[in-house]
Amino acid sequence: MHVTVAGKQVETGEALKVHVRDGLEAITRKYFDHALEANVTFHRNRSQFSCDINLKAGRGLMMRGEGEGADAHRAFEEAAEHLAKRLRRYRRRVNEHARSAAPDRDSAPAGRETVIRAEAEEEAEAPAPNGADHGAIVAEHPAEIALLTVGEAVMRMDLAHVPVLMFRNKATRALNVVYRRQDGNVGWIDPEGA
C-alpha cells in the first residue's frame with residue numbers, strides 16, 4: 001500500500017510517518033486483503049491537531065476518517081479508530097461488495113470528473129474566455145460510473161464520506177443519484193421512477 005503523509009503548516013517527522021504507515025497497514029490487513037493507497041493530512045486548528053485519512057481500499061471504494069487530538073499522534077489514532085469503526089460496521093457488506101464489484105467493462109460506462117476553479121465575485125462578472133459561462137477548468141479526471149444497487153450506492157457514499165454519488169442502477173441500468181439531505185436522511189433521484 002502506498003501511504004502519503006503530509007502536513008498543512010505542520011511538520012511531519014519520520015517517526016510520525018512510520019507510526020501512520022504501521023497503523024494503516026494493521027487496519028487494512030485486518031479488514032482487506034489489500035488496500036491501494038492512503039493519503040493522510042495533518043492540520044493545526046488553534047490548540048488542536050486534526051488528521052484526515054483518505055483510504056482507497058479497492059477499485060472504486062474510497063473511505064475517509066477524521067480525528068482531532070492534542071498532538072499529531074493522538075489525532076491520527078482518533079482518525080484511524082474512526083476509519084476502523086466504519087470498516088467494522090460495514091465489514092460484511094464491503095467484503096461481499098468487493099467480491100462482486102469487479103467492473104463489467106461492457107456495462108459500466110466511464111464519465112469525466114471536472115474540477116472548476118471558483119472565481120471571485122469581481123472576476124465572475126467579467127466574461128469568461130471563449131464565451132464560456134463557467135470558471136477556468138483546473139483538472140479533468142476519468143471517472144467510473146459504477147453499476148450498483150441503491151443500497152450499495154448509499155454504502156459507498158457513506159464510506160467515502162461524500163454528500164452525493166452518481167451510479168448506474170443495477171435494476172434499470174439508468175443513471176441515478178443518491179445524496180445526503182440536510183435533515184440527515186438520504187435522497188434518491190431516479191429518472192426512470194417518474
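User: As what does aspartate 183 count, given its relative accessibility?

Analyst: The model is predicted, with local features needing pLDDT of at least 70 and side-chain atom pairs pLDDT 80 or more, while totals for chains, interfaces and linings use all residues. Residues are numbered from 1 along each chain as its sequence is written, and side-chain values use heavy atoms, leaving out hydrogens and water. Buried means under 20% relative accessible area, exposed over 50% and partly exposed in between (1.4 Å probe, protein chains only). At 47% relative accessibility, aspartate 183 therefore counts as partly exposed.

User: Which residue meets aspartate 183 in a salt bridge?

Analyst: A salt bridge requires a side-chain nitrogen of Lys or Arg within 4 Å of a carboxyl oxygen of Asp or Glu. The partner of aspartate 183 is itself partly exposed, at 39% relative accessibility. With an N to O distance of 2.8 Å, the side chain that meets aspartate 183 is that of arginine 181.

User: How many residues apart in sequence are the parts that aspartate 52 and arginine 64 tie together?

Analyst: The closest N and O atoms of this salt bridge are 3.7 Å apart, and both aspartate 52 and arginine 64 are buried. Helices (H or I, at least four residues) and strands (E, at least two) are DSSP runs numbered from the N terminus. Because aspartate 52 lies in strand 3 and arginine 64 in strand 4, the separation of the parts tied together is twelve residues.

User: Which residue forms a salt bridge with lysine 170?

Analyst: Lysine 170 is partly exposed, with a relative accessible area of 34%, and lies in the loop between strand 8 (164–169) and strand 9 (175–180). Its partner is in helix 4, 18 residues apart, and counts as buried at 15% relative accessibility. With the closest N and O atoms 3.7 Å apart, the partner is glutamate 152.

User: How many of the eleven residues of helix 4 are buried?

Analyst: The buried residues run from Glu152, Ala153 and Val154 through Met155, Arg156, Met157 and Asp158 to Leu159 and Ala160. Helix 4 is largely enclosed by the rest of the structure, because the number of its eleven residues that are buried is nine.

User: Which helix gives the most to the largest nonpolar core?

Analyst: A nonpolar core is a set of buried Ala, Val, Leu, Ile, Met, Phe, Trp, Tyr and Cys residues joined through side-chain atoms within 4.5 Å. The largest has 29 residues, and Val20, Leu24 and Phe76 are among those touching the most other members. Elements supplying at least two residues each include helix 1 (14–31), strand 3 (48–58) and helix 4 (150–160). With eight residues, the element giving the most is helix 2.
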